[in-house]
Amino acid sequence: MQAIGQWTDPSGVLGTLVAEAHRRVAFIQGSRVDLERRAAAAPPARGFEAALRLDTVALICEIKRRSPSKGEVGGSLDLAAHAQAFAAGGAAALSILTEPSQFGGSLDDLAAARAAVELPLIRKDFHVDPIQLLEARALGADAALLIARALSPDALVAMVAAARDLELEVLVEVRDERELDRALTAGATLIGVNNRNLETLAIDLATGDRVVPLIPARCVAVYESGVAGRDDVERAARAGAAAVLVGSSISAAADPVAAVRTLSGVRRRDGAAGR
């Protein structure tokens, strides 16, 4: 287990994004009462984790307008039409990037996706405070991303507990063995392994090959970043992943239905059968 004293504030691109998230948190604190009212009135959350427990590698299809690593990706896309296309192509769930400064996302994108499809939705953002989870639930998200590197050990535990109180599922993202220990200690059952180092933006597919097999069978393992074609989904399956999160390659696709179908139908390996 990673000792609390070993954690340091994130640096590089992730550090900048976390700092910007804290500034946004300060701005929305005055909306707490309204967010609590809207979250309480929201329909029951759809089962995000349950939607990923398939015989084939489940696809979490991400709607992304731009990114720090690739620049413009799908800036002018029709979000509702893209969400419907991903659903038609066979997505098990959707990831909606709402971070505005580096990814060009917005809360309007999340609301538009919720109105367009019945699939479970995860709000993908840099969540550093429970009020962001309240905001996600108020806008109809079924799950939210928590990045272990962005949160101290104590904060990660608190955020998982806050999400549970809101009946909001969490995907806890890790990139090494110590962060996996922290995620499990916090009670995560949906764990993503990111092949991209968010501080440097470098991708190393060996990360998923190494860390995914360490995720307990009771959990749902998600392979993230570097998924562009069917070979990548098959690689994730060999590692034992139950799902992949795929973003830039399909957000930029001229035919998103076909792009998703190309990635669909990869059988899970026996090692992942219990997940």
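These are my notebook entries on a few helices and salt bridges in this structure, which is a predicted model.

**Entry 1: helix H12**

I started with H12, residues 256–263. Which of its residues are buried? I found Pro256, Val257, Ala259, Val260 and Leu263. They sit on the same side of H12, because they cover an arc of only 165° around the axis. Then I looked up what lies over them. The cover includes strand S1 (58–63), helix H4 (79–89) and helix H10 (230–239). Strand S10 (243–246) and helix H11 (248–251) are also among the covering elements. I checked the end of the helix too: just after H12, Gly265 has a positive phi of about 90°.

**Entry 2: H4 against H12**

H4 was on that list, so I looked at how the pair packs. The axes of H4 and H12 are 8 Å apart and make an angle of about 35°. Their crossing is right-handed. Which residues meet there? From H4 I noted His82, Ala85, Phe86, Ala88 and Gly89, and from H12 Pro256, Val257, Val260 and Arg261. I sorted the residues of this contact by type and got six nonpolar, two polar and one charged. Pro256, Val257 and Val260 were already in my notes as buried residues of H12.

**Entry 3: helix H10**

Next I went to H10, another element covering H12. Its buried residues are Asp232, Val233, Ala236, Ala237 and Ala239. These cover an arc of only 160° around the axis, so they too lie on one and the same side of their helix. What is on the face turned away from the buried side? There I found the exposed residues Asp231 and Arg238. The cover over the buried residues of H10 includes helix H9 (206–211), strand S9 (220–224), S10 and H12. After H10 comes Gly240, with a positive phi near 110°.

**Entry 4: a salt bridge inside one helix**

I switched to charged pairs. The count of salt bridges comes to 17. I picked Arg37 and Asp34, whose side chains meet at 2.4 Å, N to O. Both are in helix H2 (residues 32–41), three residues apart, about one turn of the helix. That spacing fits the textbook rule: an α-helix has 3.6 residues a turn, so residues three or four places apart point the same way. Are these two buried or exposed? Arg37 counts as exposed because its relative accessibility is 53%, over the 50% cut-off. Asp34, at 33%, counts as partly exposed.

**Entry 5: a salt bridge between separate parts**

Then I took Asp142 and Arg114, which form a salt bridge at 2.9 Å, N to O. Asp142 is in the loop between H6 and strand S6 (143–147), and Arg114 is in helix H5 (residues 107–116), so the pair ties together parts 28 residues apart in sequence. Asp142 is buried, with a relative accessible area of 1%. Arg114 counts as buried as well, at 14%, since the cut-off is under 20%.

**Entry 6: around Arg123 and Gln132**

Arg123 forms a salt bridge with Asp125, the closest N and O atoms being 3.4 Å apart. Arg123 is buried, at 3% relative accessible area, and Asp125 counts as buried at 1%. I followed the links outward: Arg24, Glu99, Arg123, Asp125 and Glu135 are joined in a network of salt bridges.

Last, I looked up Gln132 in helix H6 (residues 130–138). Gln132 counts as buried, at 2% relative accessibility. What does it touch, leaving aside neighbours within four places in sequence? I listed Ala21, Arg24, Val25, Ile28, Arg123, Phe126 and His127. Two of these, Arg24 and Arg123, are in the salt-bridge network I had just noted.

Technical notes
Residues are numbered from 1 along each chain as its sequence is written. This is a predicted model: local features need pLDDT of at least 70, side-chain atom pairs count only at pLDDT 80 or more; totals for chains, interfaces and linings use all residues. Side-chain values use heavy atoms; hydrogens and water are left out. Buried means under 20% relative accessible area, exposed over 50%, partly exposed in between (1.4 Å probe, protein chains only). Helices (H or I, at least four residues) and strands (E, at least two) are DSSP runs, numbered from the N terminus. The arc is that of the directions from the helix axis to the C-beta atoms. Contact means heavy atoms within 4.5 Å. Axes are lines fitted to C-alpha atoms, for helices over the stretch in contact, and angles run from 0 to 180 degrees between N-to-C directions. A crossing is left-handed if the near helix is turned anticlockwise from the far one by less than a right angle, and right-handed if clockwise. Ala, Val, Leu, Ile, Met, Phe, Trp, Tyr, Cys and Pro count as nonpolar, Asp, Glu, Lys and Arg as charged, and the others, Gly among them, as polar. A salt bridge is a side-chain nitrogen of Lys or Arg within 4 Å of a carboxyl oxygen of Asp or Glu.
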